[in-house]
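Let's take a walk through this structure together. Have the sequence and the 3D view open as we go.

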Amino acid sequence: MINLLKIEWLKIKNYTAFIVMTLFFIVGVFALNYIVFTVNKNIVNNVPGAGLVSFSPYDFANTWQSTSYATGFILLLPALLLLMLFTNEYTFKTHRQNIIDGLSRQQFISVKIMMALIFAMAATLLVIISALIFGFGSGTAFSLNGFIFVGYFFLKALSYNLIAILFSVLVKRTGFAIGIFFIYLGSENIVSQLLNVLSVKLKRENGTDLGNIGDYLPMNAADGLLEFPDNPIKSMSKAIMPTDYTWLVFALAMAYLIRFYIWSRRKFINADL
């Protein structure tokens, strides 16, 4: 696998899109969290009456969750990069040449999935570094409270990356794959919001609490595990909102992740080159 990863590195190290999108993501992680940190420190805390409420998203009691939540909004960047890298293999026929040169189909798809894993691990490392920087910047004592959300972030990052791999295998052409990927993402988000409205209506009118049904969809399952830390405003809304069945959402997210892995692997191994 190490040799296969070296080959992948030779393919992408001078690729402009890889360099630019990687830099955008790295800068984006810190910039996005800095914006949230600064807005809370200089604006929210200066609102009249804010002193009556003790809440800071980047205290060490919240930093792991806040950083994971905020960074989750730009996870489309590494997923999109993976999609472009994989579909380029089809465009330039390098996948066929690699297999002709002796690589098995299993090895080829395995190294792509390993790349998805590495991208997710790198993103998670950036979240940890960012959380430490802003946590210490808050002036509070070090704590691992909420570190589980970093694990949820890794699950979300890996889910997005494997979805990108799956779309690459299914569609193959870069432009179409990107278009369909965004269309599916937008469509699922719309359906998810409608289902969440239905969830609130069912609880209010019928007393039926099924949780946030929108979180049970493939891409939204991992999303549903990452929420902004509890705060006074959020606490007030909990009375009318459905229960967060975290165990169910986590189980679904894991099931979808396994499904993405199996589907993309089988499709590539059995498809015509």
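Start at one end and read along the sequence: the chain runs α-α-α-α-α-α-α-α-α-α-α. In other words, its secondary structure comes to eleven helices and zero strands. The radius of gyration is 21 Å, close to the 19 Å that the globule rule gives for 273 residues, so the chain is as compact as a globular protein of that length. Keep in mind that you're looking at a predicted model. If you'd like a feel for its dimensions, the C-alpha trace spans about 70 × 45 × 30 Å along its principal axes.

Now for a pair of helices. Two packed helices are described by the angle between their axes and the distance between the axes. Find helix α6, residues 105-137, and helix α11, residues 246-270: they pack at an angle of about 145 degrees, and their axes are 9 Å apart. Their crossing is right-handed. Which residues of α6 and α11 meet? On the α6 side, look for Arg105, Gln106, Phe108, Ile109, Ser110 and Ile113. Across from them, α11 brings Tyr261, Ser264, Arg265, Phe268, Ile269 and Asn270. Sort the residues of this contact by class and you get six nonpolar, four polar and two charged.

Next, the gaps. Rolling a probe the size of a water molecule over the atoms shows where empty space is left. Here the count comes to three cavities of 30 Å³ or more. The largest cavity holds about 40 Å³ of space. Around the largest cavity you'll find Glu8, Ile12, Leu82, Leu85, Phe86, Lys112 and Met115. Three helices each supply at least two residues of that lining: α1 (2-12), α4 (76-91) and the α6 you've already met. Of these, α4 gives the largest share, with three residues. What classes line the largest cavity? Five of its lining residues are nonpolar, none are polar and two are charged.

Last stop: the second largest pocket, with a volume of about 340 Å³. Its lining has 17 residues, and Phe18, Thr22, Ile118, Phe119 and Ala122 are the ones nearest its centre. The elements giving two or more residues to this lining are α1, α2 (16-42), α4 and α6. Which element gives the largest share of the lining of the second largest pocket? That's α6, with six residues. By class, the lining of this pocket has 16 nonpolar residues, one polar and no charged ones.

So α6 is a good helix to follow on a second look. It packs with α11, helps to line the largest cavity, and gives the largest share of the lining of the second largest pocket.

Definitions and conventions
Residues are numbered from 1 along each chain as its sequence is written. This is a predicted model: local features need pLDDT of at least 70, side-chain atom pairs count only at pLDDT 80 or more; totals for chains, interfaces and linings use all residues. Side-chain values use heavy atoms; hydrogens and water are left out. Axes are lines fitted to C-alpha atoms, for helices over the stretch in contact, and angles run from 0 to 180 degrees between N-to-C directions. Helices (H or I, at least four residues) and strands (E, at least two) are DSSP runs, numbered from the N terminus. A crossing is left-handed if the near helix is turned anticlockwise from the far one by less than a right angle, and right-handed if clockwise. Contact means heavy atoms within 4.5 Å. Ala, Val, Leu, Ile, Met, Phe, Trp, Tyr, Cys and Pro count as nonpolar, Asp, Glu, Lys and Arg as charged, and the others, Gly among them, as polar. On a 1 Å grid over the protein atoms alone, a cavity is a set of points where a 1.4 Å probe fits but cannot get out, and a pocket is an open set with protein on both sides within 12 Å along at least five of seven lines; lining residues have an atom within 4 Å of a point. Grid points are joined across faces, edges and corners, and a volume is the space filled by probe spheres set on the points. The radius of gyration is taken over C-alpha atoms; the globule rule is 2.2 Å times the number of residues to the power 0.38.
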